[in-house]
Structure formats: structure tokens, C-alpha cells
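Reader: I have a model open and a few things to check before I go back to the bench. Can we go through it together?
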Amino acid sequence: MKLYCLSGHPTLPCNVLKFKSTTIMLDCGLDTTSVLNFLPLPLVHSPRLSKLPGWVSKDGAVNLEKELKECAGRVFVDSQPEFCLPERELLDLSTIDVILISNYHCMMALPYITERTGFTGTVYATEPTLQIGRLLMEELVNFMERVPKAQSATCWKNKELQRMLPGPLKDAVEVWTWKRCYSIQEVNSALSKVQLVGYSQKVELFGAVQISPLSSGYSLGSSNWIIQSHHEKVSYVSGSSLLTTHPQPMDQSSLKNSDVLILTGLTQMPTANPDGMLGEFCSNLAMTIRAGGNVLVPCYSSGVIYDLLECLYQFIESASLGTTPFYFISPVANSSLEFSQIFAEWLCHNKQTKVYLPEPPFPHAELIQTNKLKHYPSIHGDFSSEFRQPCVVFTGHPSLRFGDVVHFMELWGKSSLNTIIFTEPDFSYLDALAPYQPLAMKCVYCPIDTRLNFHQVSKLLKEVQPLHVVCPEQYTQPPLTQSHRSDLMLELQPPPMPYRRCSVLNLPFRRRYERVYILPELANSLVPSEIKPGVSVATVSAVLQSKDNKHTLQSVPKPPPVPPSKKRKRVMEEPPVVLAPKPLLSGAVPLETFLSTLQKHGITEVKVEETADGHILHLQAEDTLIQLEEDGTHIVCDNNEPLRTTLRDLVLRFLQKL
């Protein structure tokens, strides 16, 4: 069993498991942190961005002013943003049989895999994962296609030139593998390969293994996966949460008795308490609105935004924010808010009960009805005529490199009355703000990450007790900025097996058993013999047929009768003779009883020698040896066939024929 690691990002995993002749991809996360190296894509022409100076090295030897622009001491690529894809050279991705998706954030690289590698398999995901994943992909494509860039910067990727660039561009890895966004046609084609599954539903793969998704408690439809054969079990834990938020709670008990547990997607903010962050979010928002400023919340169009809106719903009246407009701007804003209300069976019990009252499970439905929350596909059209300040705007993308958020950064960035509140933990907020410096607006960092922290995962692993744990190497050492915090890493016995991008792990357990089926007519012919209470043994002569990873014992076919032939053949092909099996012998030869039996048959001069495996009896008068061992008896007798036969029969008296 092998694990190929195609992504180095611990919360955006992409691994391939080879298990019992099947090749299974576990998630295909898209590392979007690479976009921080690019200039933002403004929806409206930005004089500030267009006047940025091009970059030339100090000695003038390297001139990339057409591709690179300088802003506040940092250098950015002036081109369509590009993403860091999962590794494609480690193994042939066209051989992948299935892709298992754990949540909608971990499927953003799917079109690159299914449409550009010759993939012919099936993708398995839950319905909310598929539908919300579709929204996020459509939004990403929309963001890119709204602001097309004619030029494509490639010269800076030259290894010799990249080495001379200032950081962080100099340190960017795998830049030649970075790719532009996929098209909407590729999105539709990729998602047409998805087969929907429900929690605990068992799916057979080629008769070799069985896969089953479990609720992971992190987001709508998010799953952990069990991959098992008759005798082995692998658990894949990715993006799980034990907090009581809107999704169904995590199914922990089904993870027990795993031979290997592959662990990814822990919280990126192990020291930040999500409840405390929500409180800070609300108080900073209220403070800014009361002072007459606007609040900008760069966020994804699904996920934490549902919890933010629910928190604000409870907070609005008490904080006297009843008249403040809330705007949610995204090409998929309407679909996202509606989808969250219809996936009732994927919600926690508390929200499920509301559906049958009937009430909308999420309070943002009421915010929309009372006109406190308004949603728009973009800043153009209706929004521009209905927009009033001070207000709160939820919009994407959290990287601040594309989407409507770029316009609001340009619009509000020069006033210290306004505040930007970062809630998504995927991007460094300082790097995200870099191309907008110098910036007057206030910045608040309230990362809300509900995924498992190290304390919770250590407790979980003690309960489910897998034999081996595999995890990203980042989890086996403290963070670089807090090297003294040994509580921010996994400490297990035996130690976890770490992986990094491009590593190939041989997972430490071997398949020992295989299930074999026996046909009824063959089973009917068996004659079991009891060798000890409760244990019976029977000999069987059969043909083993292996087909579609299923092994069956069938009766030995009888040779067909040879028709009489008038012509004489020089060589007659005779059918193979099927001999009846020799009976197997079971039991042990007791030494003292055997010696007295020999005496009764006139063999008295016997010298007994003890060995590591049993005893050697030397019949001195007969010049014969008898080796009595635990798993066999050997009679060494030269040129005395009658004696050998007699001794054999005496030994057989003590053994049972099967």
C-alpha cells in the first residue's frame, strides 16, 4: 500500500492511495496562496495601479518592468493571477480510478485533474459539496473572466531571473507549474463526472474495496472517508470539526479499528478560539458603524458567512444596528443563500427541526425579508443605485486580488473611519493588503477556523486508536513563529508518519488475509473432523477462480469422456488424471506411550535424545532413527522395508486422519 502526496498544503490536500489494485485520489485542493504574488484585478480602471513603476534590478542588469510592478517596497506580477496545482509528474494521473472529495474547499483543482490528464474515473461527493463547490468554481471563473488581461507574464519564471528577484517572488516554488484559471466548460465537464453519495452509504470499487463517507462536522456535506477491504481499514480525516455550528455533528465512532488513519485539514489558527473571534468581529463592526465608517468583510460565498450572518442577526438589535444595511455581493450570492436553506438533511438536529415547523433553518432568510440583508451579483447594476453608507459589505475574494472586494479597497482604503475585517484564515492578511499600501483604513484580523485543533485531535486519536497515523510534516513540529509551543504539534506513540509535497510513503501494514468464497455444492461434499472441542477441519480439493477481485473455490471439473476415434493417432492426448488428495494427519505422538508401544512390539533398546524441536529415538538393535517433532515425524530406516512399515503403522495409531 502506497501513498503519493501531490500537495504540500496541509489544509488543501491532494493525495493518491494505491490499495488492493485500486488507485484512489483523496481530495484535490487548489493552493490559491500563489495569487498573493500578483497585482489585484480592478473592476473599474484604477489610476493608482496603472501608474505603479515597473521593476528593474539595482544594477540595471534585469529589466522586467513590463511584467513586474513595485508597490510600497514589494514587487508584484502584472498578469492574470495563477494557481499552484497539485503535483502532476509523480504518477500518471490518468490511472486514477476514483476521486473522493471531503468538502467543497478541497475540490477546487478538480477541473485541472479531470479535464487535463486523461482521467476516465468517477468522482464521489455529497450533494451539498457538489452544489456549493460548483458555486465557488463558477464564482472564481467569473472573477477572472470579468477582468481579462491581455498579457501573460512568463519571463520572470526563468530560474536564472527568479533567483535575482526580491522576496517573496524569489522564494516562490514550482512557479512553472502555476496555471491560469480553468474555463466554465471545464467546470461543467468535471462536475458531470461526480456521483452523489450520502453519509454511511457503502460503495463497492471493483469488488476490491468499499468506500463510505461519514459526517465530519465542518461544513455543509463535508465528509471523512472510510476505505476498507474485508481485513484492512484506512480512514481519511480531512477538515473536521467538533464545534456545534450549522452542519451535522462529526461521526467519530466509525473511525475506530483503523489500520491507517490519514489526517489532514486541521485548524490553521490553533491559538484562536472561534467563539472569541466571532465576539471580536461583532464588536469591531459595531464600533466602526457607530463612528460613521464602513465595514468590508472579504469572504468566500459559502461556509463561515452563514455563521457570521447568524451571529449578526442576534447582535443587530442589541447593538442598535437595525438601520445599517448589510450587502452580500457575489456572482453566486443568491444561489448560496438559497442552497443553505434547502439542504435540511445535512444540517445539525437543531436546524433540521426548524424545517418541519416550518421555519427557515438559517436566520439570514429573515434578514432578507426585512431588507436588512441585500444580495447582488456585482457592484454594477442595481447595487450602484441602492448603495448607501455607512454599511457592511460581504464580498470576495479573501485574497484581495480579484472580485468586487478590489473595488471597495480602492474606494474605502484612504479613510481611517473604515475597517476591513479578515475572517478567512487561508491568506496572510499583511500579504493580502500589500498592494494597497499605504492604507489609512483600519485592519482587524479575526480568523474563524472551526476545524480540529491539536488538543481535540489528540483526544480523538486516543479514542479511535488507529495503528498508524499519517499526516503533513507541518503537524509534527511546532510553528516556526512559536517554536517553544510543543502543544501545537502532534505527539503520538508510535510517532506519526510525516509527508511533504512529492513524497511517496510505503504504508506500514501488509495484507495478510483474503476472503475466499466456497460454492454450496462443494461445501456440501466436505466431511469435517473435530480435532479439538469447537474446532473441525476438512480437506478440500478445488479450483480457485479469481475474477473482479472476488475469489471462489469451485469443484474440480471432471474430464469429458473421450469419444471413440476410428483413426489411429500416433500420440494420444490423455486428459490430466485428478488424483484423490492424500489424507492429512493431525495430532501429536506422546513420547512415553509410544515407547511402551515399541516395547510391546519387541523393540526394547531405544536411546532417547532431546532436541530443540522434539526428540530423536535411536533404535540401536535395528539401526534406525525416529525423529518426533511438533510438525512432523521422520523414520530413517535403511534396507528394512517391513520394519519401516511397522513403525509407520505404530506412529499412525496416535494420529488422526482428516
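Reader: Helices to start with. Does H3 pass H5 in a left-handed or a right-handed crossing?
Author: Right-handed, for H3 passing H5. Bear in mind that this is a predicted model.
Reader: Which residues make that contact?
Author: On the H3 side, Leu130, Arg134, Met137, Glu138, Val141 and Glu145. H5 contributes Ile184, Val187, Asn188 and Leu191.
Reader: And by class, how many are nonpolar, polar and charged?
Author: The contact of H3 with H5 has six nonpolar residues, three charged and one polar.
Reader: What angle do they pack at, and how far apart are the axes?
Author: The angle between H3, residues 127–146, and H5, residues 184–191, is about 165°, and their axes are 10 Å apart. Angles over 145 degrees count as roughly antiparallel, so that is how H3 and H5 run relative to each other.
Reader: Different topic. How many disulfides are in the whole structure?
Author: Zero, from a search of the whole structure.
Reader: Why is there no bond at cysteine 5?
Author: Because the closest cysteine sulfur, in cysteine 502, is 9.1 Å from the sulfur of cysteine 5, which is too far for a bond. A disulfide needs the two sulfurs within 2.5 Å. Cysteine 502 is in no disulfide either, as its nearest cysteine sulfur is that of cysteine 5.
Reader: Is cysteine 5 buried or exposed?
Author: Buried, with 0% relative accessibility.
Reader: What about cysteine 502?
Author: Cysteine 502 counts as partly exposed, at 33% relative accessibility.

Notes:
Residues are numbered from 1 along each chain as its sequence is written. This is a predicted model: local features need pLDDT of at least 70, side-chain atom pairs count only at pLDDT 80 or more; totals for chains, interfaces and linings use all residues. Side-chain values use heavy atoms; hydrogens and water are left out. Buried means under 20% relative accessible area, exposed over 50%, partly exposed in between (1.4 Å probe, protein chains only). Axes are lines fitted to C-alpha atoms, for helices over the stretch in contact, and angles run from 0 to 180 degrees between N-to-C directions. Helices (H or I, at least four residues) and strands (E, at least two) are DSSP runs, numbered from the N terminus. Angles under 35 degrees count as roughly parallel, over 145 as roughly antiparallel, 65 to 115 as roughly perpendicular and the rest as oblique. A crossing is left-handed if the near helix is turned anticlockwise from the far one by less than a right angle, and right-handed if clockwise. Contact means heavy atoms within 4.5 Å. Ala, Val, Leu, Ile, Met, Phe, Trp, Tyr, Cys and Pro count as nonpolar, Asp, Glu, Lys and Arg as charged, and the others, Gly among them, as polar.
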